[in-house]
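Let's take a friendly walk through this protein, one region after another. Keep the 3D view open and turn it as you read.

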Amino acid sequence: MKLQVNSKEVKKGDTFFAIKGNTHDGHDYINEAIKNGAIKVIAEHGSYSVETVIVENTKECLKECLERCYYKYISDLKLIGVTGTNGKTTTCYLIYQALNKVGKKCAYIGTIGFYLDKKIKDLNNTTPDILDIYKMLIECKDKGYEYVVIEVSSQALSMNILDTIYFDYAIFTNLTKEHLDYHKTMRNYALAKQLLFKKLKPNGLSIINIDDEYYSYFLDENSLTYGFEESDYKIDNYELFIDKTIFNLNDELIETKLIGKYNIYNLTACIIILKQLKLYNKDIIKELNPPVGRVEKIEYKNNLIIIDYAHTPDAVLKIITNVRKTNPNKIYTIIGCGGNRDKSKREVMGKISTEMSDYVIFTNDNPRFEKPDDIIKDMLTNVCKDNYKVIKNRKKAIKKGIQMLNENDILLLLGKGHEEYQIIKNKRKYFSDKNTVLKYIRR
């Protein structure tokens with residue numbers, strides 16, 4: 001593909017689209033693009049030393065160009081889109097694994113990166129911009145992939161990033177309090193998610209978690225439903241263990257190494273896709289693993305350390321609740337909140353953590369441009385118990401948490417999951433919860 005929106009990626013012979021973003025304006029980088037080899041510029045204003053086309057909106061022009069020139073080539077890829085507050089990554093990754101295990105070439109695009117037969121690269125956003133998505137889909141097509149499963153964020157949908165991309169299946173996992181700094185109300189949030197279901201192909205199918213209170217925003221006459229309520233795929237009689245979960249799905253006994261009630265929902269959505277494609281194989285369900293940083297378990301003496309991406313009130317509540325059902329001696333939780341993000345969830349997460357855990361260490365997450373003291377102060381607003389301490393240095397917090405473990409205890413490291421960085425101001429500094437744990441316990 002010869003189209004570029006990043007001047008640093010321009011090569012000789014490329015066309016550069018100057019896109020106005022939230023923080024950068026592509027027009028400021030046109031000369032750099034030309035220096036790097038661009039022979040044509042699409043812009044909204046200006047005159048430049050190479051062929052220049054002035055349009056009213058470069059972003060819309062790019063979408064039109066992509067659809068006109070490339071959509072036909074990728075149109076027969078079977079696209080599976082997953083949206084919701086929690087569960088997107090796990091649901092997508094389970095589908096990705098399952099389809100590959102039954103011999104179908106499936107790619108994954110989402111929070112933990114771009115995967116073909118293995119991880120190809122990290123991505124800056126849950127749902128990349130439209131040009132990057134086209135590039136990845138073209139690579140999938142070139143390499144003989146038949147299926148692509150994509151995490152679809154509400155921001156991407158509301159910003160029309162996925163215009164010109166159409167899906168064969170759309171899955172709704174759940175909707176809980178998150179991103180209200182962006183969407184303002186839960187109704188706006190739901191309506192943004194709803195846009196995915198308007199992007200189904202004519203014979204496309206929606207798969208809806210009917211237990212979620214917002215399910216009606218996504219349900220239509222062609223939907224399949226799943227949940228503990230009466231539905232097309234009814235879940236019941238589940239048992240949680242520290243190393244597995246067992247449940248019934250339409251009276252079929254399912255066993256998985258994933259733990260937690262919420263993972264029953266994620267796995268059920270995967271099973272529905274397999275059954276709809278007539279590719280279901282019960283044996284492979286037992287083999288499926290969670291994605292990196294999602295209930296990722298590390299054994300330490302007679303204790304368990306669990307790393308999880310939980311960074312919303314609902315996700316924090318669910319993981320602590322489900323871990324409690326496995327009957328540990330004590331639960332220790334290490335948690336923070338991201339800076340320059342939805343502040344309304346902080347006090348809720350602080351209260352849930354202290355009410356549900358035996359002991360909590362509040363620490364830094366990704367403070368960005370906020371003062372860590374202010375973030376933690378927000379988290380402590382409604383905390384009534386005194387079963388906590390503050391250790392802002394995340395490495396020291398993790399070390400302290402491990403030292404507190406005694407016998408049959410569980411340490412939860414929440415919020416960052418797969419991330420291998422901390423964002424401080426506008427800099428990404430290397431940091432991995434998992435590697436910090438491994439380095440300490442191997443000593």
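## A strand on the inside

Strand β14 (residues 245-249) is largely enclosed by the rest of the structure, because five of its five residues are buried. Keep in mind as you look that this is a predicted model. Which way do the residues of β14 point? T245, F247 and L249 point one way, while I246 and N248 point the other way, and all are buried. This fits a common pattern: in a regular strand the side chains alternate between the two faces of the sheet.

Now look at the strands beside β14. Strand β13 (residues 233-240) runs antiparallel to β14, and four bridges join them. One bridge pairs I235 with L249 of β14. The two strands form a hairpin, with four residues between them. Strand β15 (residues 252-256) is also antiparallel to β14, joined to it by five bridges. Here N248 has L253 of β15 as its bridge partner. The hairpin of β14 and β15 has two residues between the strands, and N250 takes a positive phi near 50° in it.

## Two nonpolar cores

In soluble globular proteins, nonpolar side chains tend to be buried together. In this model, the largest nonpolar core has 46 residues, and L137, V148, I165 and F167 have the most contacts inside it. Several elements give two or more residues to this core, among them α2 (58-74), α4 (130-142), β10 (167-172) and β11 (200-209). The largest share, eight residues, comes from α4.

F167 is a good residue to zoom in on. Beyond residues up to four places away in sequence, F167 touches a list of residues including L79, I80, I150, L162, L196 and L200. Apart from the largest core lies another one, of 42 residues, with L99, I235, I254 and I264 among them. You have already met I235, the bridge partner of L249 in β14.

## An open sheet of four strands

Next, find the open sheet with the order β1-β2-β3-β4, whose pairing is parallel. β1 (3-4) and β4 (51-54) stand at the edges with a single partner strand each, so one side of each is left without a neighbour in the sheet. Two bridges join β1 to strand β2 (residues 15-17), and Q4 has F16 as its bridge partner in β2.

The loop between β1 and β2 holds S7. Is S7 buried or exposed? S7 counts as buried because its relative accessibility is 4%, below the 20% cut-off. The side chain of S7 makes a polar contact with the side chain of E32, at 2.8 Å. Leaving aside neighbours within four places in sequence, S7 is in contact with F16, Y29, E32, A33 and N36.

## A mixed sheet with helices

Another open sheet has six strands, in the order β16-β17-β21-β18-β19-β20, and its pairing is mixed. Its edge strands, β16 (296-300) and β20 (388-390), each pair on one side only. On average, neighbouring strands are turned by 15° against each other, direction ignored. Strand β18 (residues 331-335) and strand β21 (residues 410-414) pair in the parallel sense over four bridges, and Y332 stands opposite L411 in β21.

Helix α10 (residues 313-324) packs on this sheet, touching β17 (303-308), β18 and β21, and its direction makes about 165° with that of β21. Helix α14 (residues 433-442) lies across β16, β17 and β21, running at about 10° to β16.

## A helix pair and a buried loop residue

Helix α11 (residues 346-356) packs with α12 at an angle of about 65°, with the axes 6 Å apart. The contact is made by R346, E347, M349, G350 and K351 of α11 and by I375, D378 and M379 of α12. By class, this contact has three nonpolar, one polar and four charged residues.

N366 sits in the loop between β19 (359-362) and α12 (372-379). N366 counts as buried because its relative accessibility is 4%. Not counting neighbours within four places in sequence, N366 is in contact with several residues, including C337, G338, G339, K416 and Y421.

Notes: Residues are numbered from 1 along each chain as its sequence is written. This is a predicted model: local features need pLDDT of at least 70, side-chain atom pairs count only at pLDDT 80 or more; totals for chains, interfaces and linings use all residues. Side-chain values use heavy atoms; hydrogens and water are left out. A nonpolar core is a set of buried Ala, Val, Leu, Ile, Met, Phe, Trp, Tyr and Cys residues joined through side-chain atoms within 4.5 Å. Buried means under 20% relative accessible area, exposed over 50%, partly exposed in between (1.4 Å probe, protein chains only). Contact means heavy atoms within 4.5 Å. Two strands pair if DSSP finds at least two bridges between them. Axes are lines fitted to C-alpha atoms, for helices over the stretch in contact, and angles run from 0 to 180 degrees between N-to-C directions. Ala, Val, Leu, Ile, Met, Phe, Trp, Tyr, Cys and Pro count as nonpolar, Asp, Glu, Lys and Arg as charged, and the others, Gly among them, as polar. A polar contact is a pair of N or O atoms within 3.5 Å; within protein, one must be able to donate a hydrogen and the other to accept it, and residues adjacent in sequence count only if both atoms are side-chain atoms.
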